[in-house]
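User: Could you take me through one part of this model in detail, namely how the helices pack and what lies in the core around them?

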Amino acid sequence: TGAIAKPTFDLEKSLEAARQTVQRFKERLKGELQTAIKSEGVANAVSLCQTVSPDISTEFTDASGFEVLRTSLKLRNPENAPGSWELEVLKSFQEKATAGAEPDKLEYYAEVVTPEGDRLLRYMRGIQVGEICLSCHGSDIKPDVKAELVRYYPDDKATGYKLGELRGAFSLVKLIE
């Protein structure tokens, strides 16, 4: 009678998969927004962001084996509120970004054990405000865009950003088997 070998968890392989997932997600979301803005204008792209972004998250979750989320200290969508673990990481990212770190280079990961005993790989990567972000997240938002933001996000806190600031973070979670 032989013992059944438990699969080994490859942290480096999982981290590389998380990094690639974030990169592809970023590129896809930016591409969708650029296309929508070009064809429909910024104001009309607000609704696209509200509907397409969650669909992209679901698509990447299904394809990657990670639950793929976005969160921030200044929320637009309350459904993206950070959990306690994410909140601590976001605060750390904010301190580092304020001290001069590039937000999109900030990353953090940890193995977390849930109260039920499940082992999770948690990974977060900073989101840096780019030029395309400023139309809806900056300080000088056009009235028609502001009206759409209020329509879809009445409690929006995600404005007033400057180019290069920390906007939030991608948050990935994967069960370690």
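Analyst: Happy to! A definition helps to begin with: helix axes are lines fitted to C-alpha atoms over the stretch in contact, and the angle between them is taken between N-to-C directions, from 0 to 180 degrees. Please keep in mind that this is a predicted model.

With that in hand, look at H1 and H2, whose axes lie 9 Å apart at an angle of about 155 degrees. Angles over 145 degrees count as roughly antiparallel, so H1 is roughly antiparallel to H2. The crossing of H1 past H2 is right-handed. On the H1 side, the contact includes Thr21, Phe25, Leu29, Leu33 and Ile37, while H2 contributes residues including Ala45, Leu48, Val52, Ile56 and Phe60. Sorted by class, this contact holds 12 nonpolar, 5 polar and 5 charged residues.

Phe25 and Ile56 also lead us into the largest nonpolar core, which has 20 residues. Together with Phe66, Val68, Tyr123, Phe170 and Leu172, Phe25 and Ile56 touch the most other members. Helix H1 (11-40), helix H2 (42-64), strand S3 (119-128) and strand S4 (166-176) each supply at least two residues of this core, and the largest share, 7 residues, comes from H1.

Tyr123 is a good place to zoom in. Beyond its neighbours within four places in sequence, Tyr123 is in contact with residues including Leu15, Ala18, Val22, Trp85, Tyr108, Phe170 and Leu172. Finally, there is a second, separate core of 10 residues, with Phe93, Ala110, Leu166 and Ala169 among them.

Definitions and conventions
Residues numbered from 1 in each chain as written. Predicted model: local features only at pLDDT ≥ 70, side-chain atom pairs only at ≥ 80, totals over all residues. Heavy atoms only, no water. Core = buried A, V, L, I, M, F, W, Y, C linked by side-chain atoms within 4.5 Å. Buried < 20%, exposed > 50% of the residue type's maximum accessible area, 1.4 Å probe, protein only. Helix = DSSP H or I, 4+ residues; strand = E, 2+ residues; numbered from the N terminus. Contact = heavy atoms within 4.5 Å. Parallel < 35°, antiparallel > 145°, perpendicular 65-115°, else oblique. Left-handed = near helix turned anticlockwise from the far one by under 90°. Nonpolar A, V, L, I, M, F, W, Y, C, P; charged D, E, K, R; others polar.
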